[in-house]
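Here is my note on the model you sent round. Please read it with the structure open.

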Amino acid sequence: MAITIGVAGITGKFARLIVKSLFNSPDVQIRGLCRNASKLPESFRDFPRVTIIQGDSTDLDTLRRFTRGCDVVICCYLGDNDFMTNGQKLLVDACDLENVSRYIASDYCLDFTKLELGQHPAKDPMKLVKAHLETKNNVQGVHVLIGAFMETFWSGYFGVWDPETCKLNYYGDGDELWEATTYETAAQYVAAVAKDQNAVGMQHFLGDRRTIRDIAQDFADVYGKKPQLERLGSLDDLYSKMQTVYQKNPSNIYAYIAMFYQYYCTNGQTYLKKELDNSRYPEISPVTFKGFLNAHKMRDLADAYQNAGSDV
Ligand SMILES: NC(=O)c1ccc[n+]([C@@H]2O[C@H](COP(=O)([O-])OP(=O)(O)OC[C@H]3O[C@@H](n4cnc5c(N)ncnc54)[C@H](OP(=O)(O)O)[C@@H]3O)[C@@H](O)[C@H]2O)c1
Ligand SMILES: *[C@@H]1O[C@H](CO)[C@@H](O)[C@H](O)[C@H]1NC(C)=O
Ligand SMILES: *[C@@H]1O[C@H](CO)[C@@H](O)[C@H](O)[C@H]1NC(C)=O
C-alpha cells in the first residue's frame, strides 16, 4: 500500500540510513525536512520519490507544509535540550494539526521511561515529548528503543574504548550487560516500524546484549588480540564522579554526559524488556557486537560514530 513518510532532520547520520532503507520500498514516498538542503547527498536530491522541504524548524507554517499529507513522521533531530524538547513539540503540534497518524520520536536510546526527570539530563526531552504526545488526539506517539549505538560505544567520546592502549575501561564488576544496536540495524527497524501502521507506543529492538568481558572476548576472536580490561571503580564510584562533575558546571555537558550514559546503560534501571520486538520483523538480521567488529578494521572503530551514514 502506498504510504508517505516524513523524515525531519533528513541531513543527519541516522536519517540518511533510514532513507536508504526506505529506498528499497517502491511504494514509499518520502518528504524530508532540513535547514540546509545543500548538505544532502546528491542521491537524495535526485531521487524521484523524495521531496525536500527546506526551512526553519521553529516556524509552524513550515512544519505544517512538511507534515501535510504524511501518514507518519520520523524525527531524527539531535541537538541541545531546548531543540530536542521545543523543536519536537512544535513538530508534534504540526502533525496533530495535519492529522498525521503517527510520530516516531527522536529517542533511539535506552528505556528513558524508567528514568525520573532530572536523572539523566539528556533524556528529559524524551520524557517531555512523550508526555506532549499523550495530550494529542490525532497523532499517536511511537518510541523506538535500541540501547546504545554500537558506533557510539566504540567512539573516543564514550570513554570505554581506548585505541592508543588497546584498553576497555569500565565501572562495575564487569558482568553488567551492555544493550546495543548498530546505526544500520536500528535504521532498518525504524523503517519497518514506519511502514507498519499498527506499530504504536514503545518499540524495543536490540542488536546484542553483552558484558564487557564478552565484548573483550569478541574483540579477541575477531582481531586475534585481547584488549586489556581496566576496572575504574564500582558503579557507585561512577555515580559520585558524574554527579560531582555535573554539579560543578551543568552547562559543560561534554564533561559528564558520557559518564551518565555509561552509568544508566549498565546499572539495570533502563534495560529494554526481555522479549524484544525484533521477532515482529524477521526480515531484518540484527548486527551483533561480533558482527560489528568483523565489519570494521580495529583502527576504524573509534571513528565509526562520526562516519555513520557517510557512505549513503
Ligand atoms: N543511543 C545512542 O547511543 C545514540 C547516540 C547518538 C545519537 N542517538 C540518537 O539518534 C538520533 C539521531 O542522531 P544522529 O547521530 O543522526 O545525529 P546527527 O547526525 O547530528 O543529526 C542531527 C540532525 O538534527 C538536525 N538539527 C540539529 N539542530 C538543528 C536545529 N536547530 N534546527 C534544525 N535541525 C537541526 C541536523 O541538521 P544539520 O545537518 O543542518 O545540522 C541533523 O539533520 C537522535 O535521536 C539521537 O538522540 C542515540
Ligand atoms: C549549507 O551547507 C553547505 C554544504 O555543507 C555549506 O557549504 C553552506 O555554508 C551551508 N549554508 C548555510 C547557510 O549554513
Ligand atoms: C483533520 O481531521 C479533522 C476531522 O477529524 C478535520 O476536521 C480537519 O479538517 C482535518 N485537518 C486537516 C488539515 O486535514
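The points below take the ligands in turn and then one sheet.

1. Status. This is a predicted model. Every distance and area below is computed from that model.

2. Surroundings of ligand 1. Start with the shell around ligand 1, which holds 23 residues. Those that come nearest are Thr11, Phe14, Arg35, Ser106 and Tyr183. Sorted by class, the shell has 12 nonpolar residues, seven polar ones and four charged ones.

3. Polar contacts of ligand 1. Three are worth checking on screen. At Gly9, a backbone N or O atom lies 3.1 Å from an oxygen atom of the ligand. At Lys39, an N or O atom in the side chain is 3.0 Å from an oxygen atom of ligand 1. At Tyr108, a polar backbone atom is 3.0 Å from a nitrogen atom of ligand 1. So Gly9 and Tyr108 make these contacts through the backbone, while Lys39 uses its side chain.4. Cover and pocket of ligand 1. On its own, ligand 1 has 930 Å² of accessible area, and the protein covers 83% of that. The space the ligand takes is the largest pocket. Which elements give two or more residues to the shell around ligand 1? They are α1 (13-22) and β7 (148-149).

5. Ligand 2. The residues around ligand 2 are Asn36, Ser38 and Lys39. In Asn36, a side-chain N or O atom is 2.4 Å from an oxygen atom of the ligand. Ser38 also takes part: a polar atom of its side chain lies 3.4 Å from an oxygen atom of ligand 2. The accessible area of ligand 2 on its own is 370 Å², of which the protein covers 27%. Note that Lys39 appears twice in this note, beside ligand 2 and in a polar contact with ligand 1.

6. Ligand 3. Leu97, Glu98 and Asn99 surround ligand 3. The side chain of Asn99 has an N or O atom 2.3 Å from an oxygen atom of this ligand. The protein covers 29% of the 360 Å² of accessible area that ligand 3 has on its own.

7. The sheet. Away from the ligand points, look at the open sheet of three strands. How are the strands ordered? The order is β8-β9-β13, with mixed pairing. At the edges are β8 (161-162) and β13 (228-233), and each pairs on one side only.

8. Pairing of β8. Strand β8 runs antiparallel to β9 (residues 167-171), and two bridges join them. To find the register, look for Asp162, which stands opposite Lys167 in β9.

Definitions and conventions
Residues are numbered from 1 along each chain as its sequence is written. Chains are lettered from A and ligands numbered from 1 in the order in which they are written. This is a predicted model: local features need pLDDT of at least 70, side-chain atom pairs count only at pLDDT 80 or more; totals for chains, interfaces and linings use all residues. Side-chain values use heavy atoms; hydrogens and water are left out. A residue is near a molecule or strand if one of its heavy atoms lies within 4 Å of it. A polar contact is a pair of N or O atoms within 3.5 Å; within protein, one must be able to donate a hydrogen and the other to accept it, and residues adjacent in sequence count only if both atoms are side-chain atoms. Accessible areas come from the Shrake-Rupley method with a 1.4 Å probe; for residues, only the protein chains shown count as cover. On a 1 Å grid over the protein atoms alone, a cavity is a set of points where a 1.4 Å probe fits but cannot get out, and a pocket is an open set with protein on both sides within 12 Å along at least five of seven lines; lining residues have an atom within 4 Å of a point. A molecule sits in a cavity or pocket if more than half of its atoms lie within 2 Å of its grid points. Helices (H or I, at least four residues) and strands (E, at least two) are DSSP runs, numbered from the N terminus. Ala, Val, Leu, Ile, Met, Phe, Trp, Tyr, Cys and Pro count as nonpolar, Asp, Glu, Lys and Arg as charged, and the others, Gly among them, as polar. Two strands pair if DSSP finds at least two bridges between them.
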